[in-house]
Amino acid sequence: MRKAYIAGNWKMNMTPSKGARFASELAKAAKEAGADVKMMVAPPFVTIPAVLEALKGTGIIVAAQNMNDHVSGAYTGEVSPEMLKDLGVETVILGHSERRSYYKESDEFINRKVLLAIEQGMDVVLCVGETLEEREGGKLEEVLTTQLTGDLKDVKPEDMKHITIAYEPVWAIGTGKTATPEDADSAHAFIRAKVAEMYSSDIAENLIIQYGGSVNASNVKALMAKENIDGALVGGASLSVEKFLPIITYDK
Ligand code: PGA
C-alpha cells in the first residue's frame, strides 16, 4: 500500500515571519481536520529555520526546493546538503521544471545532486515532465525516459526508497490547466513501468509518484482516485490554509 504524499512547494513565496505564521496555522488546521496523509512543505532556504521551528513535533516534513551539487566550497550564492542537514532538513526537491528552464539545469547536473543527496542520507522528490511542444510532438515517453534514466543514473536499487517522483507536465504548472486524471494516470503508469524496467517490479510497485500542475480543491479527488497517482506536489494552492486544507484532506 502506497501512503498518499502531499507536498506544498512554496517557490519564492513566504518571508520567514509569514512562513512561520502560515505553517503554524496549517499544522493546527490539518490536525483539527484529522489529515492523515504524509505531508511536506518546501519553503525558500531563508524561511526554512522559522518553519522548522513552527512545525516541530507536528510530523509535517520541511524540505528544501533545491541544493548545490557539492558539500562545500567556492560556489558563491549556493546552499549545500550539509547545511540543510545541519538545520534538520532531510528532504529536497530536485529537477523542478522552473530550475530546468530558467536556470538551465541539465539531467546530468540534476543526477549529480540526486547522487549527493542520497550519499548525504536525504530523501529526494525528483520532478520530471514534458513541455506542451513535446507532448504535442508525440515525445512524452521519450522525454520521460531521458529524464528518468539521466536523473537516476547510478542510483542503486537499495537507494530507490529515498526517491519520490513528481510528474509535472510543464504546461500545467501555474497555468490553471491540469492534465486530465486519465492523461496523468497514463504518464504515471509509464513512469512506473520504466522504473520496473530500470530496477524491479517491486521497487516500481512501492514508488510514490506525485502529480503536480495546478492541483486544487476541485480536481484533487479525481486525480488521487487514479491507480498510479499517489500524491500531489502543489504550488499555488499550497500558499493558503483555505486552499491547501481541502487538498490534504481530499479523502475525508
Ligand atoms: P502549481 O505548481 O500547483 O502552481 O501549478 C506546481 C509545481 O510547480 O510544483
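This briefing describes the surroundings of a ligand, several ring arrangements and a number of individual residues. The structure is a predicted model. In this model, 13 residues surround the ligand, and the structure holds three aromatic pairs. The points below are grouped by topic.

**The ligand and its surroundings**

- Of the 13 residues around the ligand, the closest are K11, H96, E168, G174 and S214.
- By class, this shell consists of seven polar, four nonpolar and two charged residues.
- In the side chain of H96, an N or O atom is 2.7 Å from an oxygen atom of the ligand.
- S214 approaches the ligand through its backbone: a polar backbone atom of S214 is 2.7 Å from a ligand oxygen atom.
- G235 also takes part through its backbone, with an N or O atom 2.8 Å from an oxygen atom of the ligand.
- On its own, the ligand has 280 Å² of accessible area, and the protein covers 95% of it.

**Aromatic pairs**

- A pair of aromatic rings is described by two quantities, namely the distance of the centres and the angle of the planes.
- The structure holds three such pairs, and two of them are described here.
- W10 and F22 form a tilted pair, with 5.4 Å from centre to centre and 55° between the planes.
- W10 is located in the loop between β1 (5–9) and α1 (16–32), whereas F22 belongs to helix α1, so this pair ties together parts that are twelve residues apart in sequence.
- W10 and F22 are both buried.
- The ring centres of Y167 and Y211 are 6.3 Å apart and their planes stand at 55°; the pair is therefore tilted.
- Y167 lies in strand β6 (residues 163–167) and Y211 in strand β7 (residues 209–212), and the pair links these distant parts of the chain, 44 residues apart.
- Y167 is buried, as is Y211.

**A charge over a ring**

- K38 is positioned over the face of Y5, at 4.3 Å from the ring centre.

**D69 and its polar contacts**

- D69 is found in the loop between β3 (61–62) and α3 (81–87).
- The relative accessible area of D69 is 12%; because buried means under 20%, D69 counts as buried.
- One polar contact joins the side chain of D69 to the side chain of H70, at 3.0 Å.
- The side chain of D69 also makes a polar contact with the side chain of R112, at 2.9 Å.

**S106**

- S106 lies in the loop between α4 (97–102) and α5 (107–119).
- With a relative accessibility of 34%, S106 counts as partly exposed.
- The side chain of S106 reaches the backbone nitrogen of F109 at 3.1 Å.
- S106 and D151 are 45 residues apart along the chain, and their C-alpha atoms are separated by 8.9 Å.

**Positive phi angles outside glycine**

- M14 is a residue other than glycine with a positive phi, near 85°.
- M14 has its place in the loop between β1 and α1, and at 16% relative accessibility M14 counts as buried.
- S214, which is among the residues closest to the ligand, also has a positive phi although it is not glycine; the value is near 55°.
- S214 is situated in the loop between β7 and α10 (220–224), and its relative accessibility of 17% makes it count as buried.

**Loop residues with greater exposure**

- N216 is found in the loop between β7 and α10.
- At 29% relative accessibility, N216 counts as partly exposed.
- The C-alpha atoms of N216 and K156 are separated by 35 Å, and these residues are 60 residues apart along the chain.
- G138 lies in the loop between α6 (132–136) and α7 (140–151).
- The relative accessibility of G138 is 64%; because exposed means over 50%, G138 counts as exposed.
- Between the C-alpha atoms of G138 and D230 there is a separation of 25 Å, and the two residues are 92 residues apart along the chain.

Definitions and conventions:
Residues are numbered from 1 along each chain as its sequence is written. This is a predicted model: local features need pLDDT of at least 70, side-chain atom pairs count only at pLDDT 80 or more; totals for chains, interfaces and linings use all residues. Side-chain values use heavy atoms; hydrogens and water are left out. A residue is near a molecule or strand if one of its heavy atoms lies within 4 Å of it. A polar contact is a pair of N or O atoms within 3.5 Å; within protein, one must be able to donate a hydrogen and the other to accept it, and residues adjacent in sequence count only if both atoms are side-chain atoms. Accessible areas come from the Shrake-Rupley method with a 1.4 Å probe; for residues, only the protein chains shown count as cover. Ala, Val, Leu, Ile, Met, Phe, Trp, Tyr, Cys and Pro count as nonpolar, Asp, Glu, Lys and Arg as charged, and the others, Gly among them, as polar. Rings of Phe, Tyr and Trp (its six-membered ring) pair if their centres lie within 6.5 Å; planes under 30 degrees apart count as stacked, over 60 as edge-to-face and the rest as tilted. Helices (H or I, at least four residues) and strands (E, at least two) are DSSP runs, numbered from the N terminus. Buried means under 20% relative accessible area, exposed over 50%, partly exposed in between (1.4 Å probe, protein chains only). A charge sits over a ring if NZ of Lys or CZ of Arg is within 6 Å of the ring centre and within 35 degrees of the ring normal.
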